[in-house]
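Biologist: Got a minute to walk me through this model? I'd like to go over it piece by piece.

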Amino acid sequence: VSLYQDIHQYCLTSIGLVTVGIFAVFALFLSIWKEVYWGIGGYIVWIVFFEMGQMFLLIFFMPKDEKFPQTMNALESTGLALRCMIQVYWMIFLTRYALELFRFQKRVDNS
């Protein structure tokens with residue numbers, strides 16, 4: 001397997017995950033607009049799977065050839081770590097909003 005094929009496979013898989021992520025963000029915005037708590041929960045689950053998929057890609061499919069610059073691996077790892085920290089920070093607010101929506105809908109359904 002050549003270096004070009006490794007990079008090509010890594011990029012295509014990453015682009016696929018990002019494309020699905022864009023649709024997940026639109027679904028999140030739609031669920032916030034319509035005030036649907038399960039949409040926000042689905043987005044939270046998607047982000048967990050997305051980040052796990054990105055870690056899997058980085059660990060197993062990032063080319064480890066001597067022609068491939070090692071600084072690229074360090075850059076990808078740093079970006080992944082920073083993005084994960086930002087996602088955790090963001091998930092705190094999303095979880096809180098989803099719980100508020102759930103409690104509100106529960107009160108509306110009981111009355």
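Modeller: Sure, and keep in mind that it's a predicted model. Let's start with Leu99, which lies in helix α3.

Biologist: Is Leu99 buried, partly exposed or exposed?

Modeller: Leu99 counts as partly exposed, because its relative accessibility is 41%.

Biologist: And how far apart are Leu99 and Cys11?

Modeller: C-alpha to C-alpha, Leu99 and Cys11 are 36 Å apart in space, with their positions 88 residues apart in sequence.

Biologist: OK, switching to α2. How many residues does helix α2 have, and what does it span?

Modeller: Helix α2 covers residues 37-60, so to speak a run of 24 residues. From first C-alpha to last it reaches 35 Å, close to the 34 Å expected at 1.5 Å a residue.

Biologist: Which residues in α2 are buried?

Modeller: A fair list: Gly39, Ile40, Tyr43, Ile44, Trp46, Ile47, Phe50, Glu51, Gly53, Gln54, Leu57 and Leu58.

Biologist: Any general reason for that kind of spacing?

Modeller: An α-helix has 3.6 residues a turn, so residues three or four places apart point the same way.

Biologist: Now the core. Which members of the largest nonpolar core touch the most other members?

Modeller: That core has 20 residues, and Ile40, Tyr43, Trp46, Met91 and Leu94 touch the most other members. The elements giving two or more residues to this core are α1, α2 and α3, the last being residues 70-110. α2 gives the most, with eight residues.

Biologist: Let's zoom in on Ile40. What does Ile40 contact?

Modeller: Leaving aside neighbours within four places in sequence, Ile40 is in contact with Leu28, Ser31, Ile32, Leu94, Tyr97, Ala98 and Leu101. Ile40 itself is found in helix α2, and it counts as buried because its relative accessibility is 0%.

Biologist: How far is Ile40 from Gly79?

Modeller: Ile40 and Gly79 are 25 Å apart in space, C-alpha to C-alpha, and 39 residues apart in sequence.

Biologist: Leu94 came up there too. What does Leu94 touch?

Modeller: Not counting residues up to four places away in sequence, Leu94 touches Leu28, Ile40, Tyr43 and Ile44.

Biologist: Charges next. How many salt bridges does a search of the whole structure find?

Modeller: Two. In one of them Arg83 pairs with Glu51, the closest N and O atoms being 3.1 Å apart. Arg83 lies in helix α3 and Glu51 in helix α2, so the pair ties together parts that are 32 residues apart in sequence.

Biologist: Are those two partners buried or exposed?

Modeller: They split. Glu51 is buried, with a relative accessible area of 6%, while Arg83 is partly exposed at 29%.

Biologist: Why does Glu51 count as buried?

Modeller: Because the cut-off for buried is under 20% relative accessible area, and Glu51 has 6% relative accessibility.

Biologist: What does Glu51 touch?

Modeller: Leu80, Arg83, Cys84 and Gln87, not counting residues up to four places away in sequence.

Biologist: And the Arg96 salt bridge, what's the distance there?

Modeller: Arg96 bridges to Glu100, with the closest N and O atoms 3.6 Å apart. Both lie in helix α3, four residues apart, which is about one turn of the helix. Arg96 counts as exposed at 55% relative accessibility, whereas Glu100 is partly exposed, with a relative accessible area of 40%.

Biologist: Back to α2 for a sec. Is Gln54 buried or exposed?

Modeller: Gln54, found in helix α2, counts as buried at 7% relative accessibility. Leaving aside neighbours within four places in sequence, Gln54 is in contact with Ser14, Leu17, Leu80 and Arg83.

Biologist: Anything about the backbone at Glu35?

Modeller: Glu35 has a positive phi of about 55 degrees although it is not a glycine. Glu35 is found in the loop between α1 and α2, and it is partly exposed, with a relative accessible area of 40%.

Biologist: Last topic, the surface. Which residues form a nonpolar patch there?

Modeller: Val18, Ile22, Phe23, Phe26 and Phe29, with about 550 Å² of accessible area together. Val18 sits in helix α1, residues 3-34, and is partly exposed, with a relative accessible area of 39%.

Biologist: And what's the general rule for nonpolar side chains?

Modeller: In soluble globular proteins, nonpolar side chains tend to be buried together.

Definitions and conventions
Residues are numbered from 1 along each chain as its sequence is written. This is a predicted model: local features need pLDDT of at least 70, side-chain atom pairs count only at pLDDT 80 or more; totals for chains, interfaces and linings use all residues. Side-chain values use heavy atoms; hydrogens and water are left out. Patches are made of residues with over 30% relative accessible area and no salt bridge: like charges are joined within 9 Å, nonpolar side chains (Val, Leu, Ile, Met, Phe, Trp, Tyr) within 5 Å. Accessible areas come from the Shrake-Rupley method with a 1.4 Å probe; for residues, only the protein chains shown count as cover. A salt bridge is a side-chain nitrogen of Lys or Arg within 4 Å of a carboxyl oxygen of Asp or Glu. Buried means under 20% relative accessible area, exposed over 50%, partly exposed in between (1.4 Å probe, protein chains only). The expected span of a helix is 1.5 Å times one less than its number of residues. A nonpolar core is a set of buried Ala, Val, Leu, Ile, Met, Phe, Trp, Tyr and Cys residues joined through side-chain atoms within 4.5 Å. Contact means heavy atoms within 4.5 Å.
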